[in-house]
Amino acid sequence: MPRKELSPIDVYNLLPRTNCKECGEENCMAFAAKLVTHEAKLEQCKPLLTDPKYKGNYQKLWDLLKPPVKEVVIGVGDRAVKVGGEYVMYRHELTYYNPTAIAIDVSDDMSSEEVAKRVEYVENFVYTYIGMDLKLNAIAVRGVSGDPKQFADTVRRVAGRTSLPLILCTLDPKCMEEALKIAGDRRPLIYAATKRNWREMAELALKYKCPLAVFSPNDLKTLKSLSKTLLEYGVEDLLLDPGTFPGEGLADTWNNFVMLRRLACKEEDELLGFPLIGVPLTAWLVNPAEPETIKQWREAYVAGMLISLFADLLIMHSIEGWVLLPNVILRQNIYTDPRKPVAVEPGLRTFGSPDEMSPVLLTSNFALTYYTVAADIEASKKDCYLLVADTEGLAVECDVAGRKLTAEGIADVIKSSGVEQKVKHRKLIIPGRAARLKGEIEDATGWGVMVGPLDSSGIPKYLADNWPPKET
Amino acid sequence: MSEEKLSVNIGSKLVRYLEQYGEIELEDVAIRLEHLELQVLPGAPPKAVIAAPPAKPKPTKLIEVEFKPPVYEYVLPIQEVTIGATRADGGTRAYSLTIGGEKAPPFYLFESKPPHKPIIACDVFDWKVPLAKAVKQHVREVYGDPVAWAKLAVEKFGAEAITLHLVSVDPLIKDTPPKEAAKTVEDVLQAVDVPMIVGGCGDPKKDTEVFEKVAEVAEGERIVINSITKEMLEYDTKRNVDTIVKHNHVTIAFTPMDMNLARELNRRLTSEGVPRSSIIMDTTTAALGYGIEYAFTIMQRSRLAGLMGDEELAFPISSGTTNAWAAREAWMKQLDAVWGPRELRGPIWETITALTLLIAGVDLFMMMHPAAMKTVKDVIDELMQGMGRAKPELIENWASAKL
């Protein structure tokens, strides 16, 4: 049966119930309510931590509140990456926490220039998206040569060039050991234990205190058996790779990821409650004769699918912008907290120091639209007003179709915002996608309407060409 | 013992507690030593050297455990909807297509295989709408000519259905009269024999009038009216319901990103007499990077709710996937230098938008770029082949594969 939702009462009964307010909440019940939605941390309850009589309860609460998908840290220092730590299967059930980490591979058969180039690409990768810097997270070093020394040399070169977390990829324990001698103190992910090498890999994971990936392509019984065995062996931080089949077998991949995550989140199967690894890089193995662009294309969309299918870590090969950009953005989108409001406050915003002849632009209060438009206006360095209409948090296109952005609504915000006292002119620049409303807005507001660009990236040019308007 | 170095492996769970508290109380542990040395690592919490109970022996061979797929029961299958009618059914289409009928979440094949595959309809416009360069280069010769465009979509892009968007009926564009728009529909129906979806302009009044005429001329063809909205029903419930019911067509019930509004509209349509088998729902598609998470979650929640017994949401889902091109990352030229040619960025944007929503539960995709349509179709075909096709030997050595 699916896991039952945790009730605040279950949690409350294990708390001190003294309403001491040390946690910052009014009482223990309010704290319990925040604990079950993971908006508060158990450690905020000082008595629970310090008073020996609560020790048993603390352990019980910790078990009750721990995520069904264990959080595992790869790497050390500021750039260490947390994977897993998820509480729910579907994002609407709460939210996802640790965005899918994306690693790019280098291999020990690459020239040192090639390795340096790829590491540098990952280090410098950044895309600024509504005010956030989207980045890549790790380097996966693959042992292709089969030579422990050559592998270790490559690991040394990579480690010397970057402080990013490392994933050491070789199924040969001898190669792995040589690499760990170099980078074992950086808490790399050991990839991977299989049904053949698990004992040696487990020993290495214990010796170097590193997380260990378990790889069992399309064989979940063996994957689960390996997890059981490795836990008994004393290895606690595991990641699971059920195999990524980007061509034939895509249905197996899809279903394996679904089953693993369901068993973890809904059935509380502790053997499977670990972060999942997807390897879109396998797209390069489907048909070696394919042109490179086709391999990159396949890798791009398989990565996208895995992000929505619960993958916590992806290992990729392509370093093409068009392959990675949609995936870092998709990851950002899917891992956005769905509890956060979709909308910003309607009203009037100012940019720079607008005066009575500065332009007045209009947008919707859909958060994404607002932040995109705001970023574009800021980039233009123009002084202006931005009127944010209440469209119930919908984007402009849907607004017009769904009748959320209406002439009446705009008339309301013009009145209530007091913009008429701030500017002398009566010209409103509306989004290009709302062009159809021009006449209606003019009738309802008495303002003249200018139709702005279809995309807000065109605002700087539009203002340069059209403001101030010819007639007033 | 006193001369030996005491080395005990303390479990990392203990270490974690130590990190949290900085100290730990040992109960029922007797330590008899002459000299106890505690090592304190710089920057790390103090770690006590303790006598642990004898460690469990490490396993020497794989401990075999059972794996049981977590199969759940669902109470309500998704409604089946058939679009397009062949001669046998009073139309002239070469085939009809059925969507819906799922008894489990999308492609949860370990639970049940969907009886029908999701389908892809290719967008065709009756007007020279602004198009991204990456799309335009594929339709340049038919741009503005819906009949030629539809033929290209079917013959060259392999579209299994088409969506004719009657953009020109928009009072703010050309205000094409309903009769003339209906003529375009007739022409396209004659030019191609695949099931057809007809889109309007978004103006509730004009769309009501246009669809009324379109439904008449397409009598018998079981076309899909894209779409009927709450506003259209408010404008004229009877005419809009007649458009579907009298001529035995299908409607897409469109709502702007809100599960409750979707429920309300579906309920209203069924209570006004529109058969369940004539309703597909569109809960709005936002582009990757432009709110796809809302679209994804509303679709995923709706599908799960439908399967769990919410009749008002147990309908096939349609997606205007072409909205993917609203994201500037899909088309903007200035991004070429760093983020690759927009000829690839655009179609991969549409592809990933579609596949993300396939995971959420979409049954009908309306798409535009031929490469995106082909990829999504290939993925769906592969998924429909079912499980058991994975070849572990192909990928088991990926870590050491020479690329």
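**Interface and backbone of a predicted two-chain model**

Mentor: In this predicted model, about 9,200 Å² is buried between chain B and chain A, and carbon and sulfur atoms give 66% of that area.

Trainee: What makes an area a way of giving the size of an interface?

Mentor: The size of an interface is often given as the accessible area lost when the parts come together. The figure of about 9,200 Å² between chain B and chain A is therefore a sum over both sides, since buried area is what two parts lose on being put together.

Trainee: Which residues of chain B lose the most area to chain A?

Mentor: They are Phe67(B), Trp339(B) and Trp398(B), and together these account for 10% of what the chain B side buries. The contact as a whole takes 98 residues from chain B and 109 residues from chain A.

Trainee: Why is the pair Arg328(B) and Asp455(A) called a salt bridge?

Mentor: The closest N and O atoms of Arg328(B) and Asp455(A) are 3.0 Å apart, and the cut-off for a side-chain nitrogen of Lys or Arg and a carboxyl oxygen of Asp or Glu is within 4 Å, so the pair qualifies. The count between chain B and chain A is 9 salt bridges.

Trainee: Why is Phe107(B) called buried or exposed, whichever it is?

Mentor: Phe107(B) has a relative accessibility of 4%, and buried means under 20%, so the residue counts as buried. Phe107(B) is found in the loop between strand 2 (97-99) and strand 3 (119-125) of chain B, and its phi is near 55 degrees, a positive value in a residue other than glycine.

Trainee: How is Asn19(A) classed by its relative accessible area?

Mentor: The value for Asn19(A) is 36%; since buried means under 20% and exposed means over 50%, Asn19(A) is partly exposed. Asn19(A) also has a positive phi, of about 50 degrees, although it is not a glycine, and its place is the loop between helix 1 (8-12) and helix 2 (28-36) of chain A.

Trainee: What makes Trp127(B) eligible for a nonpolar surface patch?

Mentor: Trp127(B) has a relative accessible area of 33%, and patch residues need over 30%, so this residue passes that cut-off. Trp127(B), Leu172(B) and Ile173(B) make a nonpolar surface patch of about 270 Å². Trp127(B) itself lies in the loop between strand 3 and helix 2 (133-139) of chain B.

Trainee: What percentage of the residues in chain B is buried?

Mentor: Of the 403 residues in chain B, 55% are buried, which means that this share has under 20% relative accessible area. Chain B has 13 helices and 10 strands, and among its contacts with a separation of 6 or more, 70% join residues 24 or more positions apart.

Trainee: Where are the cis peptide bonds at Ala192(A) and Pro468(A)?

Mentor: One joins Tyr191(A) and Ala192(A), with omega about 10 degrees, and Ala192(A) sits in strand 8 (residues 189-193) of chain A. Another joins Trp467(A) and Pro468(A), with omega about 0 degrees, and Pro468(A) belongs to the segment after helix 18 (459-466) of chain A.

Trainee: Which domains does the assignment give for chain A?

Mentor: The domain assignment gives domain 1 (8-65), domain 2 (71-334) and domain 3 (347-466). The C-alpha centres of domain 2 and domain 3 of chain A lie 45 Å apart.

Definitions and conventions:
Residues are numbered from 1 along each chain as its sequence is written. Chains are lettered from A and ligands numbered from 1 in the order in which they are written. This is a predicted model: local features need pLDDT of at least 70, side-chain atom pairs count only at pLDDT 80 or more; totals for chains, interfaces and linings use all residues. Side-chain values use heavy atoms; hydrogens and water are left out. Helices (H or I, at least four residues) and strands (E, at least two) are DSSP runs, numbered from the N terminus. Buried means under 20% relative accessible area, exposed over 50%, partly exposed in between (1.4 Å probe, protein chains only). Domain bounds come from an automatic or database domain assignment. Patches are made of residues with over 30% relative accessible area and no salt bridge: like charges are joined within 9 Å, nonpolar side chains (Val, Leu, Ile, Met, Phe, Trp, Tyr) within 5 Å. Accessible areas come from the Shrake-Rupley method with a 1.4 Å probe; for residues, only the protein chains shown count as cover. Contact means heavy atoms within 4.5 Å. Buried area is the accessible area (1.4 Å probe) that two parts lose on being put together, summed over both.
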